[in-house]
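Hi,

Here is the structure I promised to pass on. Have a look at it first, and then read my notes underneath.

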Amino acid sequence: MRNVLDVRVLANRYFAQLNLCCPQNLSSYSLARTVHGHVIASGFKLRGHIVNRLIDIYWKSSDFVYARKLFDEIPQPDVIARTTLITAYSALGNLKMAREIFNETPLDMRDTVFYNAMITGYSHMNDGHSAIELFRAMRWANFQPDDFTFASVLSASTLIFYDERQCGQMHGTVVKFGIEIFPAVLNALLSVYVKCASSPLVSSSSLMASARKLFDEMPKRNEFIWTTLITGYVRNGDLTGAREILDTMTEQPGIAWNAMISGYLHHGLFEDALTLFRKMRLLGVQVDESTYTSVISACADGGFFLLGKQVHAYILKNELNPDRDFLLSVGNTLITLYWKYGKVDGARKIFYEMPVKDIITWNTLLSGYVNAGRMEEAKSFFAQMPEKNLLTWTVMISGLAQNGFGEQALKLFNQMKLDGYEPNDYAFAGAITACSVLGALENGRQLHAQIVHLGHDSTLSVGNAMITMYARCGIVEAARTMFLTMPFVDPVSWNSMIAALGQHGHGVKAIELYEQMLKEGILPDRRTFLTVLSACSHAGLVEEGNRYFNSMLENYGIAPGEDHYARMIDLFCRAGKFSDAKNVIDSMPFEARAPIWEALLAGCRTHGNMDLGIEAAEKLFKLIPQHDGTYVLLSNMYASLGRWNDVARTRKLMRDRGVKKEPACSWTEVENKVHVFLVDDTVHPEVLSIYNYLEKLNLEMKKIGYIPDTKYVLHDMESEHKEYALSTHSEKLAVAFGLMKLPQGATVRVFKNLRICGDCHNAIKFMSKVVGREIVVRDGKRFHHFKNGECSCRNYW
DNA sequence: GTAGGGTTAG
């Protein structure tokens, strides 16, 4: 039996040991476990300060389950243990559990600190209303609020206050309680004014003036207060004002400089951010993790990859300290830096070397894979993520959609909703993009309705995706309406609309829109030129295309890339100007790689320039021997010349060389083999008749050594998404239409669920030219008349 | 046991 004194000595010793523990540090966690073990072994009952301290260390070391277990084992947890637990649950974002502990605590046990913890929990989780409500309840129950209370309450107020009157009232309350002598409270009050001023609903000038007055009258200013004011000016877009404050500062807290750097960063002034960083180093101002994070981010977004790499090297050399949490946010930004400059492997290396990762780390590398189009890696990475959030899903959905996996993207979109996530505008934009990939107009329209219902329709991401979706589905008019009714447009919107017109043969209109964009002072970017050149190419506007191409470097300082040269080759080939196309290749400042030769071969396919096509194919065989695309293009070229034996020879060559994928069925190959094919109104027989039809076609093609991919169609018909399956293959349907030897003026009905999409429309136009007859296609209540390669549908165009 | 400012992902 121990005597009381022994126990107390022991307890004090344990407590001293525990106080040595620094939370959030693994070694302190194991020390806590050891002490805990000693306590139990000695038969000493866990209670009082020791147990509270243990709970505190456990949860701060993220062993929350254990912390809770310990708490539950205490027969009568005191108010301190309860406060710890409330703080713990709040920090984990679980306000429900925190509130449960709160409610279970009898009124006579509570104290001000206890209330403060719960109020702070609400405030940190951005639940301003609950925080204020609890503050009222606290006063109602006659608890005296202190400076901590007001700091939290004021912080909560910034979330819900929207006008000057409220700010003034709160100011009065603070003075009434005589709390304004505490810097933390004053700073929080300043923050209330500043955040209210940055609300779009109020005029910021008078609120900022009040904030400034408050600031000027402060007896003492600490680094918090300087920083709050600087961010205030930054948030209100007054970077000059912010900089003036920074320059008048007597002390130089690094944190205020960080606020300024991040201000420059968020206003796109990357060079200013970097200049300030240099000055900071020069003056010896404390640089920390946050500084590096912003600076690397500025490098990533501002086109300073080399500088970013230098900063990386500097950090590795001077700042690498595994004991600090240094690597997390800096590492996250570094991953962004590397993938944004195409160094996905570099990004991956950083990821795997990081000792501590969070969800941002995972999301960032996922974005890297997705952006590089490395979807297989992205998919397996997504599958092995330990935690996902809305952004994770969004990145994956739009990534799948943009890389052509429309069906998978829509599946994931539904999965996301099943998992309880409310899609945001970006997620909807991803789903809409998936619909444009699939040509699934019906689906896109349903999404459009939901988007309007949820009020996401005014956002840029959704609007831009919708323009493209309607355009790809052939409804250029709807795309135009979107473009015209969007409250804000950006260069992407212009690009999308120009592309919409260009893709549907409205080359002249596309160019007119481009000119209008220039008039409105929007600068074209690399993608704009890709779009404009395509439009010229489709509309046969060779001279204009050439002029725009030359203007890139001359007027806008954009060096044409490989893709732009490829577009020029396409432009010339379509116009039959093969020698000009060849000249483009000779004049390029870099060695022609595969995409260039592919463009040439594709151009030769369309216009049957066999010699040049073979030359391009030879280059491609050398450059990428196992690439099936070359064989497809080459055999298509032969097919367009009716050289069926060469088609068969090419395909044999491909098999002999062990190249895997079979070329897809394409209209040029079979245009000489025209059949009658009509569909009726019900769904099932239509599916069957297409299948039967293609089966028949199969046999005929096999006779000449061609293996078409009807398996593909059959496979999708069996899939659960019938509607997508039909829509996915609208291009193939167009092929089927094209194959028909249509009687003069014949009408073809399109499936109930299928509308004429962009690709389909183009294919039918093309076939009307080839067949030399008028084709009438009924699409719902509308009729499309195709004749001589043009469509004269009044309702649409 | 509780408070106020700056920090990265589409």
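Let me start with Ser-436, which is buried, with a relative accessible area of 5%. Keep in mind that this is a predicted model. Ser-436 sits in helix H25, which covers residues 425-438. Setting aside residues up to four places away in sequence, Ser-436 touches Thr-468, Met-469 and Arg-472. Ser-436 counts as buried because its 5% falls under the 20% cut-off for relative accessible area.

Two other buried residues caught my eye, and they share a helix. Thr-361 is in helix H21 (residues 359-371), and Leu-366 is placed in helix H21 as well. Thr-361 has a relative accessibility of 0%, so it counts as buried. Its side chain makes a polar contact of 2.7 Å with the side chain of Asn-332. Beyond its neighbours within four places in sequence, Thr-361 is in contact with Leu-328, Asn-332, Ile-335, Phe-351 and Met-354.

Leu-366 is also buried, at 0% relative accessibility. What does Leu-366 touch, not counting residues up to four places away in sequence? The list is Ala-378, Phe-381, Phe-382, Met-385, Thr-392, Val-395 and Met-396. For one of these, Thr-392, I also have a C-alpha separation: 7.9 Å from Leu-366, with the two residues 26 apart along the chain.

Now the wider view of the protein. Chain A has 797 residues, and buried residues make up 50% of them. It contains 44 helices and 4 strands. If you take the contacts in chain A between residues at least 6 apart in sequence, 61% join residues at least 24 apart.

The largest nonpolar core has 216 residues, and Ile-55, Ile-230, Tyr-470, Met-497, Ile-569 and Leu-600 have the most contacts inside it. Helix H11 (residues 183-197) gives the largest share of this core, with 10 residues. As general background, nonpolar side chains tend to be buried together in soluble globular proteins. To see the surroundings of one core residue, try Ile-230: apart from residues up to four places away in sequence, it touches Ala-242, Ile-245, Leu-246, Met-249, Ala-256, Ala-259 and Met-260.

The domain assignment splits chain A into domain 1 (252-320), domain 2 (496-560), domain 3 (576-663) and domain 4 (676-791). Taken over C-alpha atoms, the centres of domain 1 and domain 2 are 37 Å apart.

Then there is the DNA. Around DNA strand B there are 52 residues, and Asn-116, His-124, Ile-255, Asp-288 and Asn-363 come nearest. Of the atoms of DNA strand B that come within 4 Å of the protein, 40% belong to sugar and phosphate. The residues of the surface near DNA strand B divide into 28 polar, 16 nonpolar and 8 charged.

Which part of DNA strand B lies 2.8 Å from a polar side-chain atom of Ser-262? It is a phosphate oxygen. Asn-258 has a side-chain N or O atom 2.8 Å from a base nitrogen of DNA strand B. Asn-389 also has a polar side-chain atom facing a base nitrogen of that strand, at 3.4 Å.

Happy to go through any of this when you have had a look.

Cheers

How values were computed. Residues are numbered from 1 along each chain as its sequence is written. Chains are lettered from A and ligands numbered from 1 in the order in which they are written. This is a predicted model: local features need pLDDT of at least 70, side-chain atom pairs count only at pLDDT 80 or more; totals for chains, interfaces and linings use all residues. Side-chain values use heavy atoms; hydrogens and water are left out. A residue is near a molecule or strand if one of its heavy atoms lies within 4 Å of it. A polar contact is a pair of N or O atoms within 3.5 Å; within protein, one must be able to donate a hydrogen and the other to accept it, and residues adjacent in sequence count only if both atoms are side-chain atoms. Ala, Val, Leu, Ile, Met, Phe, Trp, Tyr, Cys and Pro count as nonpolar, Asp, Glu, Lys and Arg as charged, and the others, Gly among them, as polar. Helices (H or I, at least four residues) and strands (E, at least two) are DSSP runs, numbered from the N terminus. Buried means under 20% relative accessible area, exposed over 50%, partly exposed in between (1.4 Å probe, protein chains only). Contact means heavy atoms within 4.5 Å. Domain bounds come from an automatic or database domain assignment. A nonpolar core is a set of buried Ala, Val, Leu, Ile, Met, Phe, Trp, Tyr and Cys residues joined through side-chain atoms within 4.5 Å.
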